[in-house]
Amino acid sequence: MKLYSYWRSTAAYRVRIALNIKQLNYEVIPVHLVKEGGEQLKEEYKSLNPQGLVPTFITNEGEVITQSLAIIEYLEEIFPEYSLYPKNPVTKAQVKAMTLSIACDIHPLNNLRVLKYLKAEQWQQEQVDKWYAHWINQGFGAIEKQLNKQAGLYCFGDKATVADIALVAQVYNANRFSVPLEQYPLIKKVNSLCLSQKAFIDAIPENQLDCDL
Ligand SMILES: N[C@@H](CCC(=O)N[C@@H](CS)C(=O)NCC(=O)O)C(=O)O
């Protein structure tokens with residue numbers, strides 16, 4: 001299995017955590033999102049992923065899957081051990097809802113291509129930072145309320161699910177853009193717990209081979 005990944009990509013980070021929780025071996029093929037205007041936009045990469053986004057996943061059979069959550073669902077079906085979803089259908093739907101609130105309602109608004117677009121439209125860095133923090137606060141405010149309603153250690157219960165995966169990757173991103181998270185103690189608690197575990201630690205951007213800090 002191969003993962004086209006960039007060390008700082010939030011979406012690729014999600015897939016790395018899922019692969020690690022499931023204890024699967026995979027080869028990383030780095031795609032540099034910044035160098036030379038972005039390798040993701042080169043025709044060679046776009047022949048695999050026409051959206052020009054990472055991650056892209058290649059199965060053992062050579063099939064191509066794009067979109068981090070579609071990749072994670074594929075992994076869950078093919079490798080059901082160390083499941084990333086609860087069995088209860090209602091809780092499972094709630095896990096997916098929280099995951100989508102991050103992956104569809106926060107992340108796309110703050111993605112690299114969006115921030116690049118705002119800068120190209122002459123937004124000042126201060127305005128871009130305000131935009132970024134606004135969408136994090138909207139999304140995290142709702143998640144904090146949801147976490148307040150349940151007593152488990154993770155987002156849902158006492159086992160990490162795909163909601164925790166999405167949350168950890170988004171918290172990394174928020175920290176990277178210096179968004180204060182003091183008003184989200186439950187999010188911070190879940191994040192710290194996850195980041196004490198090997199599967200999550202091994203997926204941290206700074207622990208990737210292509211990290212060029
Ligand atoms: N919904 C997609 C989002 C993928 C995505 O936005 N990837 C970002 C990195 S986190 C990217 O490749 N950005 C490149 C760009 O904006 O040019 C997924 O979950 O896979």
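1. A polar contact is a pair of N or O atoms within 3.5 Å. The model discussed here is predicted, and the points below begin with the ligand, where this cut-off is needed.

2. Glutamine 67 meets the cut-off: an N or O atom in its side chain is 2.7 Å from a nitrogen atom of the ligand. Two further residues face oxygen atoms of the ligand. For serine 68, a polar side-chain atom lies 2.6 Å from an oxygen atom of the ligand. For arginine 14, the distance from a polar side-chain atom to an oxygen atom of the ligand is 3.2 Å.

3. How much of the ligand does the protein cover? On its own the ligand has 510 Å² of accessible area, and the protein covers 92% of that.

4. There are 15 residues around the ligand. Those that come nearest are Gln40, Val54, Gln67, Ser68 and Asn111.

5. The largest pocket has a volume of about 910 Å³. Its lining is made up of 39 residues. Nearest the centre of this pocket lie Leu53, His107, Asn111, Leu112 and Arg113. Asn111 is thus listed for the pocket centre and also for the ligand.

6. Where does the largest pocket lie with respect to the domains? Domain 1 (2-82) and domain 2 (89-199) both contribute residues to its lining, so the pocket lies between them.

7. Several helices give two or more residues to the lining of the largest pocket, including H1 (10-21), H3 (68-78), H4 (89-103) and H6 (125-148). H5 gives the most, with 5 residues. By type, the lining divides into 18 nonpolar, 14 polar and 7 charged residues.

8. Two points concern the backbone. The peptide bond from valine 54 to proline 55 is cis, with omega near 10°. Proline 55 sits in the loop between helix H2 (43-46) and strand E3 (56-58). Valine 54 is also one of the residues that come nearest the ligand.

9. The other backbone point is glutamine 23. This residue is not a glycine, yet its phi is positive, at about 55°. Glutamine 23 belongs to the loop between H1 and strand E2 (27-30).

Notes: Residues are numbered from 1 along each chain as its sequence is written. This is a predicted model: local features need pLDDT of at least 70, side-chain atom pairs count only at pLDDT 80 or more; totals for chains, interfaces and linings use all residues. Side-chain values use heavy atoms; hydrogens and water are left out. On a 1 Å grid over the protein atoms alone, a cavity is a set of points where a 1.4 Å probe fits but cannot get out, and a pocket is an open set with protein on both sides within 12 Å along at least five of seven lines; lining residues have an atom within 4 Å of a point. Grid points are joined across faces, edges and corners, and a volume is the space filled by probe spheres set on the points. Helices (H or I, at least four residues) and strands (E, at least two) are DSSP runs, numbered from the N terminus. Ala, Val, Leu, Ile, Met, Phe, Trp, Tyr, Cys and Pro count as nonpolar, Asp, Glu, Lys and Arg as charged, and the others, Gly among them, as polar. Domain bounds come from an automatic or database domain assignment. A residue is near a molecule or strand if one of its heavy atoms lies within 4 Å of it. A polar contact is a pair of N or O atoms within 3.5 Å; within protein, one must be able to donate a hydrogen and the other to accept it, and residues adjacent in sequence count only if both atoms are side-chain atoms. Accessible areas come from the Shrake-Rupley method with a 1.4 Å probe; for residues, only the protein chains shown count as cover.
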